[in-house]
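Please open the structure in your viewer and keep the selection tool at hand. The tour below goes from one selection to the next, and says at each stop what is there.

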Amino acid sequence: MTRRFSRFPHGEQGAVLVMGAFVIAILLAVAGLAVDSGRFYHARLQLQKAADAGALSGLGATVIDFDTFSTLATVAERKQFIETKALRAATENLRVAGFDISDPKLEITPTYNFSTGTLRVDASSSQKSLLALAAPMFLLNTDSLMESTGLSVVAEVNRKPANISLVLDVSSSMECPSFGSCRCNTALRDPSESCAEEAALLGVNQKITDLSQALYQFLDLFDTVEDRINMVSFALIADLRVPLRPIDPLTGKAHRGFDRAAFNNFSSVSPGSSTNPSDGLMTAYQDFLDSGVANGPEEVSYILFSDGAPTAARFLISSPKSGMEANTSSTLGSHDYHHYSIVWQDSTVSRTWVGPSLFFKEHHTLDPKYNSAKAPVGNYTPSCHHPLVPVGSTEAPSDDTKFEAVFTDCINNFGFHMPMTPGKIYGDDMKSGTSKDFSNHWREQYFNNTIQLSDFLREKNAMVYTIGLGQQQNIAADISRGDPYQGINSVLHRKDIFLSRAASDYIEAHDELSRPYLGVHPEFSYNGYKSYEALKYSSNPKFGRYFATPNSQELTGIFKSIAQKVLLRLTK
Amino acid sequence: MKPTKKNFSILRTQESGAVLLEFTLILPVVLMIIFAGIEYTRSLRGLQFTTTISRESASIAFRECSADLPAKISGCLDLVRDRMEDFASEVEPGTEVILSLYENSSGTVSKLAESKRVDSNYTSRFSEDSESFTGASEILTSHKRLVVAETFVPISRLVKEILKFDFGLSEALYDATIL
């Protein structure tokens, strides 16, 4: 007996096996818990994803399927529309994630609050976790208590108010019929036939009419109480037609909402003279800046509509007049000329000649330092004022005095670098009564300034969408990388290059290989413009869209698409 | 005594090697459990990563692309996929995202665009065929436009086996989000 007993203390073979059994048991238990809680948290992630998807899809459907949604007359119908879409999207996501959607314990409850515009999706399932069951013993908070009784998640989505700026071209070609070549706008026109008559003959609208109809349908998608919208039209210079509402002293920002009726007079606008999108965009930004909305956390969407690349009308110099304002109106009709008087301010002491400097209104509130660092090193005049000055005479100008001006590289009065094709003198044979075409000079400045400004706006939390109307320019693409001004005419005439770059439309840039005539090279970059590739990998790329159409009847669809994109971006 | 018996008696009395022997018996089991746990956690992390990528892709594509005109949709999906794949590949090399957009125009469902890499290893598990979407929830006919984002993350053979056991997955880590 003693011998048998004595074997226990001495015989330790099996000790490790026993210990090992314990260790394995504990390890298995821990691993089991890990698997269990892993499954639980994965299920919770899936449930959260489904709830989020439901909420986003439900509210998004009101935008994407606006045509159906807007026909629903009652609150109950609209509520049901949203909640049904949310429920179906959430359910589908759960099914794909492997949940048994016929399980009665799997509950998805979308609730749309009509007054706040918030869609809330509650989702819960019976999935339990041992670890979560034990959690309340240690952490007595409600979260873990809820987890212990199963899974429960919430997703909430609503739409932030929109800030929109409509920057619309009303240059002379907007009088033309919806599509095709336009006689009434050219020298070939029959003086007895107006553009309206030409359009009526073709059985279509004038472009401006199509645009205004598109505009009204666009406005229907927005909330007249919550969304801020302003409207700028531009031709030679910009005109703030519908400003934002006045500043609310409580918030320091413009009041929300817009007056739908204020946009109604748009169709009555009379198109005229050149295309200066630069001043249009600048005026639109200025209004948002003055209203305290730009540069803030709220995104502003600029919609730049143009029916062409920047253009400038020819100038006609009238007799110099003493001490008068420059006449910036277009008195020779809307088509070919811009009528300009040389202003002679003082005949005795010193003379200031005010010629057609840049046709931008003064915008001093912009930070003048902006972009100055981007200006290449060189000799630049401090401002871009290039007055017409009389040639070889210091006397008061007469009708026979000839004028000239020299464009040079410069930093304009809001700090953008304005590269000019150097050494070109314009106007050296100009005298009263003669006209001169400076289109390319203006074109270059409008082109460059608009793109610099659009990049500036994107840095200030804005999106830029552009719409180009009209025939594609049939010019062989000879875009040289780097400097778009090498082939100055071909590039500056191409609104597709201009507008897709202004919108920073990466898709358009990307399509160059398949559509060489329509696209822009992805590396298109000039003088501090960022290349598309550089933008692609920035944290917030702000890619806008460039929409092109030769037919203004398609504007309605394009404006609607932009409105939907703006609204979806704000659904969060 | 016979040498054999003597040898056995040595085994019984001299226990110096026994611990080692028993340890070598148990170690593989313990290690297996430990590594299985690690692999499981890794795979779970991969699965959650897959889910995150798919929900983000779907959400971005839904906001940025679903309201586009048809001509722009394909380019837009490509851009979102590019960005998401570039981002995801930094964490899980070889991650692929397939984005597709379906449109329901008065009852007829068509795939407007599908965005996947030219050299893609995977195919979308959805199609216009309503079988791939559930018939019960009628989502294909209910929504005007539907964005489907699928994410594939390549996995090791071991993880594959574990996941097959636990999540019924085989090919790759997979997650789809539908918006």
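In which sense, and over how many bridges, do β3(B) and strand β4 (residues 173-178) of chain B pair? Before selecting them, bear in mind that this is a predicted model. Once both strands are highlighted, you are looking at an antiparallel pairing of β3(B) with β4(B) that runs over six bridges. To fix one point of it on the screen, pick B:Ala149, whose bridge partner in β4(B) is B:Thr177.

Keep β3(B) selected and add strand β1 (residues 96-105) of chain B, which pairs with β3(B) in the antiparallel sense over eight bridges. Here a useful residue to pick is B:Glu103, since its bridge partner in β3(B) is B:Arg145.

Now stay with β3(B) alone, residues 145-153, and show its side chains. Nine of its nine residues are buried, so the strand is largely enclosed by the rest of the structure. B:Arg145, B:Val147, B:Ala149, B:Thr151 and B:Val153 point one way from the strand, while B:Leu146, B:Val148, B:Glu150 and B:Phe152 point the other way, and all of them are buried.

Next, select the whole of chain B and colour it by secondary structure. Five helices and four strands should appear, and, followed from the N terminus, the elements run α-α-α-β-β-α-β-α-β. Of the 179 residues of this chain, 38% count as buried. Among the contacts in chain B with a separation of 6 or more, 65% are between residues 24 or more positions apart.

From there, turn to the place where the two chains meet, where 48 residues of chain A are in contact with 43 residues of chain B. On the chain A side, select α2 (15-64), α4 (75-96), α13 (506-510) and α15 (555-569), each of which supplies at least two of the touching residues. The largest share, 23 residues, comes from α2(A). If you colour this side of chain A by residue class, it divides into 22 nonpolar, 14 polar and 12 charged residues.

The last stop is helix α9 of chain A, residues 277-290. At 1.5 Å a residue, its 14 residues should span 20 Å, and its end C-alpha atoms are 20 Å apart, which agrees. The helix is mostly covered, with 12 of its 14 residues buried, among them A:Leu281, A:Met282, A:Tyr285 and A:Phe288. Finally, step just past the end of α9(A) to A:Gly292, which takes a positive phi of about 75°.

Conventions: Residues numbered from 1 in each chain as written. Chains lettered and ligands numbered in written order. Predicted model: local features only at pLDDT ≥ 70, side-chain atom pairs only at ≥ 80, totals over all residues. Contact = placed C-beta atoms within 7 Å. Nonpolar A, V, L, I, M, F, W, Y, C, P; charged D, E, K, R; others polar. Buried ≥ 20, exposed ≤ 12 C-beta atoms within 10 Å, placed from the backbone. Pairing = 2+ DSSP bridges. Expected span 1.5 Å × (residues − 1).
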